[in-house]
Amino acid sequence: MARHWLMKSEPFKYSWDDLVAEKEGTWDGVRNHRAKNNLAAMEVGDQVFFYHSREGLEIVGICEVSVAGITDPTDPEGKWAAVKVVPKTKLPSPVTLKQIKAEPMLEDCELVRLSRLSVAEIKPEEWSVIMSMAGV
């Protein structure tokens, strides 16, 4: 069964629109062990929320893992993980961090509990709540 994730990116460095323009992007540069483990656990077909961090603080789209289990090309030592993702759909209504924090059903979400984590797992029930909040 496919799993669900959330990946954060600062839009001034790499935005949803950048991913759409590229058609496939490499998610690399992650230097946190828990985030690395999440990247390593991803499989082709897993769905991923694309979250704009620092600016916007909101989930703006959904992408899909297209290539899993690769070594981060920015890591000369080869110990960090990466994946490739393709854009699937822009959300009709972005879901803000403020909205997520205000939703009691999302209080245990890794995005809320581990706010500095750049790659988080999203449980199926959390995914459903967020999708409803986005108008999907």
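Let's start in the middle of this predicted model. Its largest nonpolar core has 21 residues, and those with the most contacts inside it are Met-7, Trp-27 and Leu-39. Many parts of the chain feed this core: at least two residues each come from strand S1 (4-9), helix H1 (16-22), helix H2 (33-41), strand S3 (47-52), strand S4 (58-71), strand S5 (81-96) and strand S6 (119-122). Apart from this core lies another, made of 18 residues, among them Leu-6, Ile-62, Leu-106 and Met-131. As a general backdrop, nonpolar side chains in soluble globular proteins tend to be buried together.

Leu-39 is a good place to look at the 21-residue core in detail. Leaving aside residues up to four places away in sequence, Leu-39 touches Met-7, Trp-27, Val-30, Ala-81, Ala-82, Val-83 and Val-119. Two of these names, Met-7 and Trp-27, were listed above with Leu-39 for having the most contacts inside the core.

Now step back to the helix that carries Leu-39. In H2, the buried residues are Ala-35, Asn-38 and Leu-39. Because they cover an arc of only 100° around the axis, they sit on the same side of H2. His-33 and Ala-40, on the other side of H2, are exposed. What do the buried residues of H2 pack against? Their partners are S1, strand S2 (25-27), S5, helix H4 (110-113) and S6. The start of H2 has a polar contact too: a side-chain oxygen of Asn-32 comes to within 2.9 Å of the backbone nitrogen of Arg-34.

From Ala-35 we can move over to Glu-58, a residue of strand S4. The two are 23 residues apart in sequence, and their C-alpha atoms are 19 Å apart in space. Again not counting residues up to four places away in sequence, Glu-58 touches Phe-50, Tyr-51, His-52, Pro-94, Val-95 and Thr-96.

Our last stop is another glutamate, Glu-126, which is found in helix H5 (residues 124-133). Glu-126 is buried, yet it has no salt bridge. Why does Lys-123, the nearest side chain of opposite charge, not provide a salt bridge? Lys-123 is 4.1 Å away, whereas a salt bridge has to be within 4 Å, so this pair does not count. The backbone of Lys-123 does come into play, however: its nitrogen lies 2.9 Å from a polar atom of the Glu-126 side chain. Beyond four places in sequence, Glu-126 touches Leu-106, Asp-108, Cys-109 and Glu-121. Leu-106 takes us back to the 18-residue core, where it is one of the members.

Definitions and conventions
Residues are numbered from 1 along each chain as its sequence is written. This is a predicted model: local features need pLDDT of at least 70, side-chain atom pairs count only at pLDDT 80 or more; totals for chains, interfaces and linings use all residues. Side-chain values use heavy atoms; hydrogens and water are left out. Helices (H or I, at least four residues) and strands (E, at least two) are DSSP runs, numbered from the N terminus. Buried means under 20% relative accessible area, exposed over 50%, partly exposed in between (1.4 Å probe, protein chains only). Lys and Arg count as positive and Asp and Glu as negative; His and the chain ends are not counted. A polar contact is a pair of N or O atoms within 3.5 Å; within protein, one must be able to donate a hydrogen and the other to accept it, and residues adjacent in sequence count only if both atoms are side-chain atoms. Contact means heavy atoms within 4.5 Å. A nonpolar core is a set of buried Ala, Val, Leu, Ile, Met, Phe, Trp, Tyr and Cys residues joined through side-chain atoms within 4.5 Å. The arc is that of the directions from the helix axis to the C-beta atoms.
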